[in-house]
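Here are a few short exercises to work through with the model open beside you. Try each task before reading its solution.

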Amino acid sequence: MVTNPMEIDYKRESLLLTSFNGKKRKKNADHHHNHNVAKRVKSERGGAEETEEVEPRISVLPDRLRHPITAEELTELLHYAALGGTRVKQPSWCVLLGQRRVKGVNVVVVEEVSQSDFYKHYITLRNLRSKYSNRLTFTLSTSSSSSSLLLSTIFSSEVDSLEQLAVLQEDKDSSKLHKALRTHPVVLKYGTSKRGLTAYMLTQEEMIKRHYPVKGLPGFEDFACADCADVTDASPLFGLDCEMCLTVKGYELTRVSLVEGGGKCVMDQLVKPDNKILDYLTQFSGITAAMLHPVRTSLRDVQVQLRTLLPRDAVLVGHAVNNDLVALKLIHRHVIDTSLLYGREFGQRFKLKLLAEVVLGRSIQTQGEKGHHPVEDALAALDLAKYFIRKSPLKVVEDHLEELWGLTQEEEEEEEESTCRSTELAPSSGFADVLQRAGRSVCYVGKRCDITLHPAHQQWHNSDRQVVASFRRQSNCPFFSVLRLSSFSNIPPRQDYEVRWCLQDMCVVFAGPLPAGFSEREVRRLFRRCGSVRTVKMLTTTHRIHAVVEFELLEGAALALQMLNGATVQGHTMKVQRPVTESTLDFDVYLDALMSDAVNARRLYTLKLNCRTTPNGHIADGKFAVNGCTSESLPIKKCELSEEALTQTFTRFGIVERILLMGKPGRQARHAYIQFERSEAKQAAIESSEGLWQENYVTCPALTPVPVDEDGPHELRGQIHAGPQDMAMCHMMKKLDARLGKIFTSLPECTLSVVLLLAHNSAREPPSPGLCLLELKRGKSNNATT
């Protein structure tokens, strides 16, 4: 046993740590901003009501990162993302913030590609590793052991809280309603109970979907924005109607009318278009050249008048009022559209004239070729909205079921009773059926298979290229879509080749020469300051002693190269280097890819060293001295990691979302991953490595591309094969990644994207699990900061 102390220059270590990444660092994020964001995130997680500033985001609970998810758990997430918290419960294994702003769900199932394939071709899969920041092992249960059964499970899975799905459940007697009312589009959307006006206002998602002017969307940059405040059920209603003419630049405003809630006209203004008029459209607008000749009022003047007249909590009411707002070039957040309020099946709409005649008993637009009168139309729309609010959706439908929608209760009751007697089947609670009854579009694109979905909503293609092209050609992306890519199922079974574990080789370093008599235990003690050591092998057949050290994680090997290469051990200058093998020749390429990985963009690796305190500094690991100072009599300060201590230390750089302690069961953790909310916080922590070193913390950027478990990073083992079949496989994986990138790019913002890599384990030796990748697509400005 060697008794001489080991001397290491720790000042050199700390300087090396500050230059670990070797790249230009961003400035530290503003701490006050981070503090405000932290309070908002805490309130959200505490169950507070979501506000418009809550960006949709998905994250996996720390304790579930170490365990695979099943098809049943995935369907829990799909149900919640598509139907909402008021209808189904939040999944237990992850957190989805801002669910009400989710605009769609897309699932891509890739057959015969496993988790092992993902890490084997890790560098090739640029889109998958950079766009998806949540990765979990995915396993198929016996009930869904193939891709076809999995797809069937997704579409036909039972919605647990179906009784809460239909808005009809608000009325305890809704189950007694006859079919004509129970399945009516107005009742399905608004329920049966009487509500206030805020229940019938368009949400921002609906306004975007129906091309209303919305602040921040392209095409509306030059629109004036009304100063709007929050509204209540007591907020004032204003009827609005505009008339347009055709100019060389398209349709432009020629007249605007505004009616207040009591029916009084507060504005009826002619407007002079900015461009040359081609057609006055008199038969519709009632505008003639003589009427506009003396007019000098411009669109800008009208915008100023409207913004002056309307209270901040005003609610605008109109029939297809999006056209009026576009003509006014005005953005107004609070809108009720009577063409949508009195809904019909398949998105069809009633004309204002018909609604006024049937519901209000009022004749409008009777002047024929002389055109419409906007004050009359604005008042009609206003009264239709007030009638709907004063009554209830159920009462409106009951009173005008036959006149407007052409249905009678008696006929529907007879048909329903006949159906019940013959089949006695309850309405389907399958996921696809529930979505369609809720007005959500559903689509399947891929190889033909037996799923519970009407053929009209399926598109069958045998090649992946056709699947992707067909999906991207759709003018409106379906709310819930499933794509099946099956090209890999057509290739023959892969032969066994000699395998090198590429990323695992990067966890290995060679160290030496070491002092004579240096033991394996001392090597382990020396190198464990850089991370958990898996194995140590002493090389004694050479003239001088060397050691092969394998770390549990990539970060340990990287820190050993930075901290211990060139260090002095008992008078010997030790060299630490990686083994030169086929798999480590492109290490720099792998390192850059790992650092830019979406999972690691906001993650930091840290460990804490035990120390003895001296008058001139501290001594790491108790026994080994700094700058020649040795004293076995000094008290040892044992450093242990805890979530509380780590949070307190690292929140100075930004909000800490998650801490994953790494340690064997029953032992105190000395290593941890820290995930920040923003990447700037991680960079700030790296730049402050010297200060953290004074607190005994060693840090470096996270490199490990997946969450690891207590047994070690077995998922890191990327395989490198030799042979023509593997060259073809690499080419196919590159094409797959490009197609998945195109699919992700074509998805609307705020869409939950799920990619499932599935392998038939029966054809694998040894079997390889699948992989589930999750991401909630956000805007470029948001993604740039994550």
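**Exercise 1. One helix pair**

At what angle do helix H16 (residues 352–360) and helix H17 (residues 374–390) pack, and how far apart are their axes? Work out the class of the packing, its handedness and the residues involved.

Solution. Bear in mind that this is a predicted model.
- Step 1: the angle between H16 and H17 is about 50 degrees, and the axes lie 10 Å apart.
- Step 2: roughly parallel needs an angle under 35 degrees, and roughly perpendicular runs from 65 to 115, so H16 is oblique to H17.
- Step 3: H16 and H17 make a left-handed crossing.
- Step 4: on the H16 side, the contact uses Leu352, Leu355, Ala356, Val359 and Leu360, while H17 brings Asp377, Ala380, Ala381, Asp383, Leu384 and Tyr387.
- Step 5: sorted by character, the residues of this H16–H17 contact give 9 nonpolar, no polar and 2 charged.

**Exercise 2. Another partner for H16**

Describe how H16 packs with helix H18 (residues 393–405).

Solution. Take the same route as before.
- Step 1: H16 and H18 meet at about 140 degrees, with 10 Å between their axes.
- Step 2: roughly antiparallel would need an angle over 145 degrees; H16 and H18 are therefore oblique to each other.
- Step 3: the H16–H18 crossing is right-handed.
- Step 4: Leu354, Leu355, Val358 and Val359 of H16 touch His400, Glu403 and Leu404 of H18.
- Step 5: the contact of H16 with H18 comprises 5 nonpolar residues, 1 polar and 1 charged.

**Exercise 3. Two cysteines**

Are cysteine 245 and cysteine 449 buried or exposed? Then find how many disulfides the whole structure holds.

Solution. Accessibility comes before the sulfur search.
- Step 1: a residue is buried when its relative accessible area is under 20%.
- Step 2: cysteine 245 has 0% relative accessibility, so it counts as buried.
- Step 3: cysteine 449, at 13%, is buried too.
- Step 4: a disulfide requires two cysteine sulfur atoms within 2.5 Å, and searching the whole structure turns up 0 disulfides.

**Exercise 4. The whole protein**

Summarise the protein by its secondary structure, its burial and the sequence range of its contacts.

Solution. Now step back from single residues.
- Step 1: count the elements, which come to 30 helices and 35 strands.
- Step 2: for burial, 52% of the 786 residues count as buried.
- Step 3: take the contacts between residues at least 6 apart in sequence; 71% of these join residues at least 24 apart.

Notes:
Residues numbered from 1 in each chain as written. Predicted model: local features only at pLDDT ≥ 70, side-chain atom pairs only at ≥ 80, totals over all residues. Heavy atoms only, no water. Buried < 20%, exposed > 50% of the residue type's maximum accessible area, 1.4 Å probe, protein only. Axes fitted to C-alpha atoms, helices over the stretch in contact; angles between N-to-C directions. Helix = DSSP H or I, 4+ residues; strand = E, 2+ residues; numbered from the N terminus. Left-handed = near helix turned anticlockwise from the far one by under 90°. Contact = heavy atoms within 4.5 Å. Nonpolar A, V, L, I, M, F, W, Y, C, P; charged D, E, K, R; others polar.
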